[in-house]
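Please open the structure in your viewer and keep the sequence panel beside it. The tour below goes from one selection to the next, and at each stop it says what to look for.

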Amino acid sequence: MITDPIADYLTRIRNAVKANHRVVEIPASKVKRDITKILFEKGYILNYKFEDNDKSGNIKIALKYHPVTKESAIRTITRVSKPGLRKYVKADELPRVMNGLGIAVISTSHGMMTDKEAKQQNVGGEVICYIS
């Protein structure tokens, strides 16, 4: 039984990047699918595939590396809002990750989005993670 599935998702990606794996497979959920789509749209992962099994299914994520230096596109990936201590922010208090070079994934009433998209739509929400 996993108490924090989002932290498990982020840890699996972090461990796969440190081990220089090309593909990582993670149990799926709606929130994880939304975070995966954001990672793909922002260029942090190469590709993804949702596999539906009998129960919940899996997400296969192809990690992105620089062709020459073999350095990962994901340098740091950090969980912010935890089950024991949720972190909510208003629209005017949205965080900037690495002075705008990274992204913060925000869960809003309009769905999952990045900090920049939330600022444009003037909505706040729960800060899920920082990615740079």
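Begin by selecting Phe50, which counts as partly exposed because its relative accessibility is 25%. Keep in mind throughout that this is a predicted model.

Now add Tyr48 to the selection, and you will see that Tyr48 and Phe50 make a tilted aromatic pair, with 5.1 Å from centre to centre and 50° between the planes. Tyr48 also counts as partly exposed, at 25% relative accessibility. Which residue forms an edge-to-face aromatic pair with Tyr48? Select Phe40, whose ring lies 5.3 Å centre to centre from that of Tyr48, with 75° between the planes; a pair is called edge-to-face when the planes are over 60 degrees apart. Phe40 is partly exposed at 35% relative accessibility. The structure holds two aromatic pairs, and Phe40, Tyr48 and Phe50 form one aromatic cluster.

**The helix H2**

Next, select residues 30-41, which make up helix H2. This helix lies across E1, E2 and E3, and its direction runs at about 150° to that of E2. If you ask your viewer for the distance between the end C-alpha atoms of H2, it should be 17 Å, which agrees with the 16 Å that 12 residues should span at 1.5 Å a residue. Colour Lys32, Arg33, Ile35, Thr36, Ile38 and Leu39 within H2, and you have picked out residues that are buried. Just after H2 you come to Gly43, which takes a positive phi of about 85°.

**The sheet beside it**

Now hide the side chains and look at the three strands that form an open sheet in the order E1-E3-E2, with antiparallel pairing. The edge strands, each of which pairs on one side only, are E1 at residues 23-27 and E2 at residues 45-51. From one strand to the next, the twist averages 20°. As background, strands of a sheet pair through backbone hydrogen bonds, and they may do so in parallel or antiparallel fashion.

How many bridges join E1 to E3? There are five, and these two strands run antiparallel, with E3 covering residues 58-63. To follow the pairing residue by residue, select Val24, which stands opposite Ile61 in E3, and then Ile26, whose bridge partner in E3 is Ile59. With the side chains of E1 shown again, you can follow how they alternate: Val24 and Ile26 point to one face and are buried, whereas Val23, Glu25 and Pro27 point to the other face and are not buried.

**Three salt bridges**

The last stops concern salt bridges, of which a search of the whole structure finds eight. Select Asp4 and Arg79, whose side chains meet in a salt bridge with 3.1 Å from N to O. Asp4 lies in the segment before H1 and Arg79 in strand E4 (residues 77-79), so this pair ties together parts that are 75 residues apart in sequence. Both Asp4 and Arg79 are buried.

Move on to Asp8 and Arg12, which form a salt bridge whose closest N and O atoms are 3.0 Å apart. Both sit in helix H1 and are four residues apart, so about one helical turn separates Asp8 from Arg12. Arg12 is partly exposed, with a relative accessible area of 32%.

Finally, select Glu126 together with Arg86, another salt-bridged pair, in which the closest N and O atoms are 3.1 Å apart. Glu126 belongs to strand E8 (residues 125-131), while Arg86 is in the loop between E4 and strand E5 (88-89), so the pair ties together parts that are 40 residues apart in sequence. Is Glu126 buried or exposed? Its relative accessible area is 12%, and because buried means under 20%, Glu126 is buried. Arg86, by contrast, counts as partly exposed at 40% relative accessibility.

Notes. Residues are numbered from 1 along each chain as its sequence is written. This is a predicted model: local features need pLDDT of at least 70, side-chain atom pairs count only at pLDDT 80 or more; totals for chains, interfaces and linings use all residues. Side-chain values use heavy atoms; hydrogens and water are left out. Two strands pair if DSSP finds at least two bridges between them. Axes are lines fitted to C-alpha atoms, for helices over the stretch in contact, and angles run from 0 to 180 degrees between N-to-C directions. Contact means heavy atoms within 4.5 Å. A salt bridge is a side-chain nitrogen of Lys or Arg within 4 Å of a carboxyl oxygen of Asp or Glu. Buried means under 20% relative accessible area, exposed over 50%, partly exposed in between (1.4 Å probe, protein chains only). The expected span of a helix is 1.5 Å times one less than its number of residues. Rings of Phe, Tyr and Trp (its six-membered ring) pair if their centres lie within 6.5 Å; planes under 30 degrees apart count as stacked, over 60 as edge-to-face and the rest as tilted.
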